[in-house]
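Please open the model in your viewer and keep the sequence panel beside it, since each stop on this tour begins with a selection.

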Amino acid sequence: MTNWQELEHKYFMHTFDRIPVTLVRGEGARVWDEDGREYLDFVGGWGVNSLGHCHPVVVDAVTEQAHKLIQTSNQFYTIPQIRLAELLIQNSCLDKVFFGNSGVEANEGAVKLARRYGKHYLNGAYQVITTMGSFHGRTLAMVAASGQSKFQQPYLPLPAGFINVEYNNTEAIKAATTTETCAVMLEPLQGEGGVNLPDDDYLTAVRAWCDQMGILLILDEIQTGIGRTGTLFAYEQYGIEPDIMTLAKGLASGIPIGAILAKDRASVFTPGEHGSTFGGNPLACAAGYATLKFIIDNDIAGNAKEVGQYLIAGLKHMRSKFPFITEVRGRGLLVALEFNSDIAQSLVMACLDRGLLVNRVKPNALRFMPPLIIGSDEVDEALDILDKALSSIVS
Ligand SMILES: Cc1ncc(COP(=O)(O)O)c(C=O)c1O
């Protein structure tokens, strides 16, 4: 039998410390490894598999589209792209869209758009204020935007134009704003940073400041969007609207796609100023349309809210049994469990042994991002495994 993991070590750059499991199949919230072992998947492709693995509406849309037209250049009109754009605009507060292939690419484009806005309307202002603990992706500029030194240090010097300030602190944003500032860029809830929730009035205060200063508010909803936090977009829960929003991850339930959405007044690209070879190709957009339509028609965000509350309640209940749990936090199906010591990796492995996939978001915290279609039965199963894994750690 081929030893795939040995081959990976031979051929791959060592950028991932992988978990020693080779996954070959998925269905719903479950995946199977090459030995036929089944796992309940609460990692969900890092918050990507919104409809679970190989959902029939996605498989059908991709199969049908693959038989018709997979890729053209963006010189031409293609129907899936326009249908997805229309659905996104009709169901968000934004007016225009641009499609790319990933989250980081969407964020790069959003910052380019903000800089164009700065050139047009703000005397060439180009700086973007972002927050510490944020994660906006892995290109050099987005590493500079992401306020986490572990991602920045290996690549110094970084592109100029990003100021990282404390999260959840409007005064810090105010203090960092100068005549060179064109935008503030935030995740409504910080995902990779550990599922950090904003104070109730933070986003409204930042929105008000951006309005006062005439600068743009970019919301990175790559992780929080498409129903993940219990509404189609997280901004809806905070009573604000962004000028620019980025999406990726869950938008096509596993097929690579990214999107920049903007209000009309911020939609200032002119022909040739931005582009993509693969972005918005018919295959990805057909998957995106099928995913988004299903999520909207079946109120999958509502399910994420309900099941997320059930998950959070179950995790909170565990605190009485395991006092080393220090916090349970999250919205919808983006949830973290924090401990008073660095046991997250041991727990990931203890859960894996018992058939549950979970993510170590910090040395002392786990993150749960299951498919948005799960029900309370799957949560019960996950909680049961987690309980056993936690017991194994303390004994
Ligand atoms: C909030 C946020 N922005 C951007 C990214 C980068 O997305 P991608 O890995 O698709 O480039 C991520 C990925 O985790 C993310 O969580």
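The tour below moves from the interior to the surface and ends with charged pairs. Please bear in mind throughout that this is a predicted model.

**The interior**

Begin by selecting Leu315 and Phe368, the residues with the most contacts inside the largest nonpolar core, which has 114 residues. If you then show what surrounds phenylalanine 368, leaving out residues up to four places away in sequence, you will find that it touches Phe42, Leu311, Leu315, Leu333, Leu334, Val335, Leu337, Val358 and Leu386. A second core, separate from this one, has five residues, among them Tyr39, Val43, Leu352 and Leu357.

**Helix H11**

Next, select residues 300-318, which form helix H11. At 1.5 Å a residue its 19 residues should span 27 Å, and the C-alpha atoms at its ends are 27 Å apart, so the expected and modelled values agree. Which residues of H11 are buried? They are Ile300, Ala301, Gly302, Ala304, Val307, Gly308, Leu311, Ile312, Gly314, Leu315 and Met318. The cover over these buried residues includes helix H10 (282-297) and helix H13 (376-394), together with strands E11 (325-331), E12 (334-339) and E15 (365-368).

**Helix H12**

Move on to residues 344-353, helix H12, where Ala344, Leu347, Val348, Ala350, Cys351 and Leu352 are buried. These buried residues pack against strand E3 (38-41), E12, strand E13 (356-357), strand E14 (359-362), E15 and H13. Just after H12, pause at glycine 355, which takes a positive phi of about 90 degrees.

**A loop histidine and a helix threonine**

Select histidine 53, which sits in the loop between helix H2 (44-47) and helix H3 (56-68). Is this histidine 53 buried or exposed? Its relative accessibility is 15%, so histidine 53 counts as buried. Beyond residues up to four places away in sequence, histidine 53 touches Gly26, Glu27, Gly28, Arg30, Val31 and Asp41.

Threonine 204, in helix H9 (residues 202-213), counts as partly exposed at 35% relative accessibility. Measuring in the viewer from its C-alpha atom to that of tyrosine 238, 34 residues apart along the chain, should give a separation of 7.0 Å. Apart from its neighbours within four places in sequence, threonine 204 is in contact with Tyr238, Gly239 and Ile240.

**A nonpolar surface patch**

Switch to a surface display and select Trp4, Leu7, Tyr11 and Phe12, which make a nonpolar patch of about 470 Å². Tryptophan 4 belongs to helix H1 (residues 4-11) and is partly exposed, with a relative accessible area of 47%.

**Salt bridges**

Finally, turn to the charged side chains, among which the count comes to 19 salt bridges. Glutamate 8 and arginine 18 meet at 2.6 Å, N to O; glutamate 8 lies in helix H1, whereas arginine 18 lies in the loop between H1 and strand E1 (23-27). Glutamate 8 counts as buried at 17% relative accessibility, while arginine 18 is partly exposed at 46%.

Then select glutamate 381 and arginine 30, whose closest N and O atoms are 2.8 Å apart in a salt bridge. Glutamate 381 is in helix H13 and arginine 30 in strand E2 (residues 30-33), so this pair ties together parts that are 351 residues apart in sequence.

A further salt bridge joins glutamate 273 to arginine 116 (2.8 Å, N to O), linking the loop between strand E10 (258-262) and H10 with helix H5 (residues 103-121). As a last selection, show Arg207, Asp211, Asp243 and Arg265, which salt bridges with shared partners join into one network.

Technical notes. Residues are numbered from 1 along each chain as its sequence is written. This is a predicted model: local features need pLDDT of at least 70, side-chain atom pairs count only at pLDDT 80 or more; totals for chains, interfaces and linings use all residues. Side-chain values use heavy atoms; hydrogens and water are left out. A nonpolar core is a set of buried Ala, Val, Leu, Ile, Met, Phe, Trp, Tyr and Cys residues joined through side-chain atoms within 4.5 Å. Buried means under 20% relative accessible area, exposed over 50%, partly exposed in between (1.4 Å probe, protein chains only). Contact means heavy atoms within 4.5 Å. Helices (H or I, at least four residues) and strands (E, at least two) are DSSP runs, numbered from the N terminus. The expected span of a helix is 1.5 Å times one less than its number of residues. Patches are made of residues with over 30% relative accessible area and no salt bridge: like charges are joined within 9 Å, nonpolar side chains (Val, Leu, Ile, Met, Phe, Trp, Tyr) within 5 Å. Accessible areas come from the Shrake-Rupley method with a 1.4 Å probe; for residues, only the protein chains shown count as cover. A salt bridge is a side-chain nitrogen of Lys or Arg within 4 Å of a carboxyl oxygen of Asp or Glu.
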